[in-house]
Amino acid sequence: QQLIEALNNEIERLHLSNEVKVVQTGCLGLCERGPNVVIYPEGAYYCHVKPEDARDIAEEHLLKGRIVQRLLYRDIAEEHLPLSLNEIDFYNRQRRIVLKNCGVIDPENIEEYIGADGYQALAKVLTGMTQQEVIDTIKKSGLRGRGGAGFPTGLKWQFTHDAIGDKKYVLCNADEGDPGAFMDRSVLEGDPHALLEAMTIAGYAVGADQGYIYVRAEYPLAVKRLNIAINQAREYGLLGSNIFGTGFKFDIDLRLGAGAFVCGEETALMTSIEGKRGEPRPRPPFPANKGVFGKPTLLNNVETYANVPQIILNGPEWFASIGTDKSKGTKVFALGGKINNTGLVEIPMGTTLREVIYDIGGGIPQGKAFKAAQTGGPSGGCIPAQFLDMPIEYDSLIQIGSMMGSGGMIVMDEDNCMVDIARFFLQFTVDESCGKCPPCRIGTKRMLEILDRIVEGKGKEGDIELLETLAKNIKASALCGLGQTAPNPVLSTLKYFRDEYEAHIRDKK
Ligand code: SF4
């Protein structure tokens, strides 16, 4: 805010207000180098900009057209001085479909979204496609749910379309809760209209007239921008009773989550929208048949929806040509932990972990060795160094005991204790367990006690076997996904770093 204010003051002082405008966008992705300023038309990319740099930017660049060299991006080795984003490895190795408008347009101005082909996919759907044609397009694209499980999106849409009901709902899960994850937040803050457009398309396809975005209250900027976007879309006739004059009726409202991780689980989310305590319930019935308020319901997450307008506009074949055989398109990851370029990246499916860590992420700080990356947050597992060259896609990650998850990627270096990492994630699920079913409520606590004593050097013989037995039983008997996947971080670290558990027990430290 101070930087924006300083830039505006300088622009006014130099009487440039008619020629230059400061636009606040969403996240550009390279959080490590923020605050970022990009000056157009050159696309000059300045990083770590402070309010006191505003004078130089205005007097040198804006007034005299001279690049302020000292603010340009420098790579880790400080060898290159690239001018624009496209010349930087962090960006030019990415493929931005979901994040296409993030950091580019003003998310509070619907005209900018429209100027970037916004709402054209909705127009195409409403004026020339049947419901089944829309669903077939999504099916053909191969899009799978980006919330973690990877269920085919088109099939989900088909189930909700085929379900019988006098009223149907379209929901968006924007209750991003994994530690270290901020993918959905960036889309909500940087391109909220893309979500509204996609949900309206989904509403048409499945026959719903009401949508709800369940967004966490801890994302105040996302909530603010969603509210602005919804009001603008209503004003422009893009939400409401007669969209594009076609007679199609669809509206969207927000529901704010109060911070319970379990409310990201689909049945708990729907219960929370109904105004009740957010607790999971057994499935079946599945949401497609009996979802929120007992009606057929379609539920996807933010990133899944954000792909939809692009698929409609560019065609399913275009989308299916990106990625691998069974994992199409791109995936957004929030890179964090022991990595030089912490930030938000979007890569084609099939990119190797090595490319993400070293080419895009700039490697490990202080030249330390990469040890593992945790994907899938508290439900996922670690990917050790031996799989650095494995392509990142849904099935390969499951095969090695991890999962795609929603996109959090936390990097560990040689100094990290993997037992401690497993303990961190288990502590998280113990804190967030809703307490409804004993395997999760009691079982994960017992596992945590064992991990505590192992880390404190008080581990006993048989502790590892006990952990494995508990993990197996919890996975088989917990009611919802939170409990069923809670043991995963322990199981995957045991699989690849068992020697660290054994060393703690043996050496008593
Ligand atoms: Fe609640 Fe855990 Fe049971 Fe899910 S598995 S219902 S979070 S106690």
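Modeller: Two strands pair if DSSP finds at least two bridges between them. Strands (E, at least two residues) and helices (H or I, at least four) are DSSP runs, numbered from the N terminus. This is a predicted model: local features need pLDDT of at least 70, side-chain atom pairs count only at pLDDT 80 or more, and totals for chains, interfaces and linings use all residues. Residues are numbered from 1 along each chain as its sequence is written, and side-chain values use heavy atoms, leaving out hydrogens and water.

Colleague: How do you know that strand 10 pairs with strand 12?

Modeller: Five bridges join strand 10 (residues 370-375) to strand 12. That meets the rule, so they pair. The two run antiparallel. Ala373 stands opposite Val411 in strand 12.

Colleague: What makes strand 8 a partner of strand 12?

Modeller: Four bridges link strand 8 (residues 330-337) to strand 12, in the parallel sense. Ala334 has Gly408 of strand 12 as its bridge partner.

Colleague: Why is strand 12 called mostly covered?

Modeller: Five of the six residues in strand 12 (408-413) are buried. Buried means under 20% relative accessible area, exposed over 50%, partly exposed in between (1.4 Å probe, protein chains only). Across the protein, 56% of the 509 residues are buried.

Colleague: What makes His48 partly exposed?

Modeller: Its relative accessible area is 40%, between the two cut-offs, so His48 is partly exposed. His48 sits in the loop between strand 2 and helix 2 (54-64). Its phi is positive, about 50°, although His48 is not a glycine.

Colleague: Why is Phe244 called partly exposed?

Modeller: The relative accessible area of Phe244 is 38%, again between the cut-offs. Phe244 also has a positive phi, near 55°. It lies in the loop between strand 5 (240-243) and strand 6 (248-257).

Colleague: Why single out positive phi values and cis bonds?

Modeller: Most residues other than glycine have a negative phi, and most peptide bonds are trans. Here the bond from Tyr40 to Pro41 is cis, with omega near 15°. Pro41 is in the loop between strand 1 (37-39) and strand 2 (44-46). The Arg283 to Pro284 bond is cis too, with omega near -5°.

Colleague: What makes the protein as compact as a globular protein of its length?

Modeller: It has 20 helices and 12 strands. Its radius of gyration (over C-alpha atoms) is 24 Å, and the globule rule (2.2 Å times the number of residues to the power 0.38) gives 23 Å for 509 residues. The values are close, so the protein is as compact as a globular protein of that length.
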